[in-house]
Structure formats: structure tokens, C-alpha cells
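The exercises below ask the reader to work through a structure step by step, with each task followed by its solution. Please keep the sequence and the three-dimensional view open while reading.

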Amino acid sequence: MERYYQKEIECAPVEELKAMQNAKLVKQVKHVYEHVPYYRDLMDKKGVKPEDIKSTADIYKLPFISKADLRDAYPYGLLAVPLSECVRIQSTSGTTGRRVVAFYTQHDIDLWEECCARAIVAAGGTKDDVCQVAYGYGLFTGGPGLNGGSHKVGCLTLPMSSGNTERQIQFMRDLGSTILCCTPSYAAYIGETLKDMGLTPNDIKLKAGIFGAEPWTEAMRKDIEASLGIKAYDIYGLTETSGPGVSFECSEQTGMHINEDHFYAEIIDPDTGEVLPEGEKGELVFTSLDKEAFPLLRYRTRDICVLNRKKCSCGRTLIKMSKPMGRSDDMLIIRGVNVFPSQIETVLLEQGYTPNYRIELDRVNNTDTFDVYVEMSQEQFSDTVKDITLKEKELASALKTMLGINPKMHLVAPKTITRSEGKAVRVIDRRKLHD
Amino acid sequence: MKQISIFIENEKGSLAAVTTLLAENGIDLRALSIADTTDYGILRIMADKPEKAHKILTENGYLTKINEVVGVKIADKAGSLAKIINALSDEGIGVEYTYAFTSAKPGEAFMVFRVNDNEKAIAALEKAGIGAVI
């Protein structure tokens, strides 16, 4: 039987949901206009006043917020409450090295954790479950979000963070974890490690997994489900709007229900910015309807998706989004971490290298491989392997500091990075990320 | 002695391309050694015209370095190499790499040593009664 965390919202009549969204949007636009000079300027430039927004039907009148705005307004420019009202920040990488910092009041944390709680309950979670959170903790939203959601549901929460896989499996066995939350590639890795340790899904008690923060395919879902003996659920979110839990999968596994009481979703044409009708493929745009500290209006996610409100067998009335089918910018998601090629370029230049580089990505045994090739100059070349290896290590470490993940570095000879029509091919992505 | 190091990608034909280029320019190779990794190799050569070889390689876009290494004439008998290495090691001189080559004269062989401090290495060898070839 399908379970709900907040049935009155998750299964509310659509008209009721829409009325709630209208009321919240009007209030939110006023809040932002009054407290965020940066967005007020954008609205003024477009000639829109808060009173022009009477319902979500008017939302097209509002200006978009993009990643570039977050960079320009860093760190406090989009903050809508006094800093003293904030209780937390979370952060993610930005386009050119400057990170995105999102602020939360206690109310914002509560609503975010509620969203995650809905996802956990949709995956079958109850207060009797043992929920192992193997997303990274810290600035990354994965760990804190699911940790909070797990608390709200009343599960026994294991705040494992990611890594140390044998210990993960040991805790899983000793404490009888029933729900696993992590990136899908880490789930696949845990599955493989389980097998390497000579164990089978019968040796653990897991029944469900909530996996997100990176794209994954149906084939990968089947692999994970078989290797861990679970049902695997997708979860979507982004730091800019709160974190994981903006949308989540139900038992039907045919898309993710958007928590519409908190987030209003639109699909736009990424080139013209025009709003597209339901069912058409385009860029997903979110408006935070009731976040206080960092309420982004019409934030362009750059994820390409489709929305649909077909009746779902789970009983939820919340609109569903497809798995993201791609990006409308050059952002890469590597092992769950957002990476922009421009960040790599920034580090190379800082370290005295040429901006002639190539990123090669692949997925081997369901884990992303991340290789960076960089051309060396005459001055950087040394006749000893030791020196070259040391330089590669230094660069990898500088990139790790910037990106949060470790690339495998390869220093190469000049002019070996393929140049096509004068423009270098920066990224070779051999991963199959989308169905 | 001047040694030339050349960075070569680990792909078919790259060693042939370098050696052909040198041959076409009348450079005679006296010794050669390759350090290889999974990604690349470092080709180290002793040539009759090192400056010219360096210039040609650089002009052709190769990552190339010319540096002084220590050459030692080595006798063809047991213990010769050990004596040299011990002389260096006794003075705390680390050897990055070494390789051997024979000269045009029959029975004459040399060792090449890449060390962190050439001056100290030469002094150490002299102290041990082994002459260095510069």
C-alpha cells in the first residue's frame, strides 16, 4: 500500500494545489521585491511590479534568475531576510570557480526536510526503518537533506556520509539498514563491493534506495536493484532551490512528483525563454514559493525535462517531471558533483598551464571515470618521470580543491589536444547517462 | 656530457617520427634510453651534435630538454658499476636514472648518470679515484 508523509498535500485536488500556489506566489513576489534589491532591479528593468502577478498564469512576466546572477550577487545579493534569521548555508560549485551559497532559515530547513521525508515515505519508509545516509555531508546538500528527512520520518538514521564502503556494508549488516540514500553510482559500487566480499542481497536487510544528484539510466536502476535486492527510487533537487527533494519518485517509477506546494515548475524554450505547454520538452525552471532566506524566482535549472500531470497510480496529484534528459549548458555531473569546464580552465591558468585541455568521462562498472589531459609547455617538461608525476599530482590536487572530486591528470605534448575548426573539443563524454 | 630528453606520446609511430627527424638532419645517436609510463615515454639520447639536435626537435614542436649529465667510463669487469654507485651514494648523491652505452672503440663502455647535483657527483667520483667524463 502506498504511504504518504503529508497525504493532504501530496494527494490534494489539483485545483486546491493551484490555488495554494497562486496565493503563495503573490506573497513571495512581494517578499522578494521588497527585500532583494538585485531582483527588484531585474523586475524594474522589465517593467513588472509585484501587483502584476496575481497568479501563476502571470509568472511569465517575471525575469529569470540564472547561475550567472548567483555569481554576480555572491554572497549576499539574493538574500531576502536579515542574516541573523539564517541558520545554515549549503553550497555548490558555480560556473567560474565562484561557489553558489544558499541560505536557509529554520523554516526553510524544515520545508526542505519535509520534502525529503515525503521521498523517504514514498519509498516505503516508516519510523521502524533504519535509514543509512551515504551521501556526502557538509556543504553538499545530499547528506544533510536526506538526514533531515529521515529524522522527520522517525527512522533510525545512520549518518555515514560517502566512502569507506566496507564499513558501510558492515554497518548495514550489524544495524540492519533497510533504506539506503546515496548517489546511484555509489549504490552500484556498494553492490559490487558486497559481491566482492562474498555476500549476497540475502546477507543485508535493505529494501529500498533513494538515489539522486546525478543522471542514471533504467539499465543502471535494474543493476542496482538486483545487486542490492531493493527497489531503487530517484530523487531530484538542486542547492539553488533547497537540495534533494524538490521532486521524488513513487512506486510507479515513471517520473518524479514535484513538491508543488513549495516549488512551481515551468518548462521553457532554452533559446527564447518562452513558456512551453505541458508535455513539451524544454528547460526546467523553478520558483520557490515559500522559502524565506533564498527565494529564487524563475531559476533556470538548465536541466532538459518534460512535465506531465497524468493520473498516477500512487494516488499523488503532484505534477511529475521526467528524469533530466540532458543540459542546456555545458555543466557536467561527475560522481554526483557539478563541474563546469570553465572551472578546470581557471585552475589550469592559475597553475601556469595553457588552457589547452580535454576532459574525458566514462562510466566503468557504474562509476564515473574522470580524466583530464593538459598540454605541457617546454618549461614544464622535465626529463624525469618523477617530476612529471609530481606536476600531475599537484594539478589533480588543485582541481580537487576547486571541484571537490579528484581527476586523473595526464600531461601531454603540445598540440595533441584535438582542435576542430580552431575550437578545441573540451569534453569527450562516453557515459550513457540517459535512456 | 649533454643529454637531450624528448617527450613522446605512447602511440604507434611516435618513436619512429623522432628518430627519422634526427636522421634526416644528419644527427648521429651515440646512446639512447627510454623511460616509459602508461601514458607517455621520455626518450633520452646522446647525440654527436646535441645543440643542433635540440634546436631541430624544438622547432618541430617537441617538448625537449637539454641538460648536463655525468658520464663515467666503465671497465669491463665485475664490480665496476657497484664501485661507481657506492662512490655516489657515500656522498649522499641520489641517482634519478642511469643507462649505459659503448663507444666506437672496442671494449670501451660508458655509464650516464642523471643526478641532482652534477658538481657534487663529479667531486665524489674523483674522490673515489674514478674519473668523470664531462
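**Exercise 1. Identify the residues with the most contacts inside the largest nonpolar core, and find which helix gives the largest share of this core.**

Solution. In this predicted model, the largest nonpolar core holds 94 residues. The residues with the most contacts inside this core are A119(A), I120(A), I179(A), C181(A), A187(A), I210(A) and A265(A). Helix α5 of chain A, which spans residues 106–122, contributes ten residues to the core, the largest share. Taking A187(A) as an example, and leaving aside its neighbours within four places in sequence, one finds it in contact with L180(A), C182(A), G209(A), F211(A), I224(A) and L228(A). Apart from the largest core lies another one, of 47 residues, which includes L361(A) and Y373(A) as well as A47(B) and L57(B). As a general background to both, nonpolar side chains in soluble globular proteins tend to be buried together.

**Exercise 2. Determine which residues of α9(A) are buried and which are exposed, and explain how the buried ones are placed around the axis.**

Solution. Begin with the buried set, which in α9(A) consists of M220(A), R221(A), D223(A), I224(A), S227(A) and L228(A). These residues cover an arc of only 165° around the axis, and therefore they lie on the same side of α9(A). The general reasoning is that an α-helix has 3.6 residues a turn, so residues three or four places apart point the same way. Turn next to the other side of α9(A), where E218(A), A219(A), K222(A) and A226(A) are exposed. The cover over the buried residues of α9(A) includes α8, β6 (208–212) and β7 (231–238) of chain A. Finally, G229(A), just after α9(A), adopts a positive phi of about 65°.

**Exercise 3. Describe how the domains of chain A are assigned and what makes up the side of domain 1 of chain A that touches domain 2 of chain A.**

Solution. The domain assignment of chain A gives domain 1 as 7–329 and domain 2 as 333–429. Between the C-alpha centres of these two domains of chain A there is a distance of 31 Å. Their contact takes 15 residues from domain 1 of chain A and 15 residues from domain 2 of chain A. On the side of domain 1 of chain A that touches domain 2 of chain A, α8 (184–196) and α9 (218–228) of chain A each supply at least two residues, and the largest share, four residues, comes from α8(A). Sorted by class, this side of domain 1 of chain A has five nonpolar, seven polar and three charged residues.

**Exercise 4. Decide whether I344(A) is buried or exposed, and list the residues that it touches.**

Solution. First locate I344(A), which lies in helix α10 of chain A, residues 341–350. I344(A) has 25 C-beta neighbours inside 10 Å, and because 20 or more suffice, I344(A) counts as buried. Not counting residues up to four places away in sequence, I344(A) touches Y357(A), I359(A), V372(A) and L399(A). A further pair shows separation along the chain beside separation in space: I344(A) and K400(A) are 56 residues apart along the chain, while their C-alpha atoms are separated by 9.9 Å.

**Exercise 5. State how many residues each chain gives to the contact between chain A and chain B, and which elements of chain A take part.**

Solution. The contact takes 14 residues from chain A and 15 residues from chain B. On the side of chain A that touches chain B, the elements giving two or more residues are α11 (385–403) and β20 (408–412) of chain A. The residues of this side of chain A divide into six nonpolar, five polar and three charged.

**Exercise 6. Check the radius of gyration of each chain against that of a compact globule, and set out the elements of each chain.**

Solution. For the 435 residues of chain A, a compact globule would have a radius of gyration near 22 Å, and chain A, with 22 Å, agrees. For the 134 residues of chain B the globule would be near 14 Å, and the 16 Å of chain B agrees. Chain A has eleven helices and 23 strands, and buried residues make up 47% of its residues. Chain B has four helices and eight strands, which run β-α-β-β-α-β-β-α-β-β-α-β from the N terminus on, and buried residues make up 25% of chain B.

Notes: Residues numbered from 1 in each chain as written. Chains lettered and ligands numbered in written order. Predicted model: local features only at pLDDT ≥ 70, side-chain atom pairs only at ≥ 80, totals over all residues. Rg over C-alpha atoms; globule rule 2.2 N^0.38 Å. Buried ≥ 20, exposed ≤ 12 C-beta atoms within 10 Å, placed from the backbone. Domains from an automatic or database assignment. Contact = placed C-beta atoms within 7 Å. Nonpolar A, V, L, I, M, F, W, Y, C, P; charged D, E, K, R; others polar. Core = buried A, V, L, I, M, F, W, Y, C linked by C-beta atoms within 7 Å. Arc of directions from axis to C-beta.
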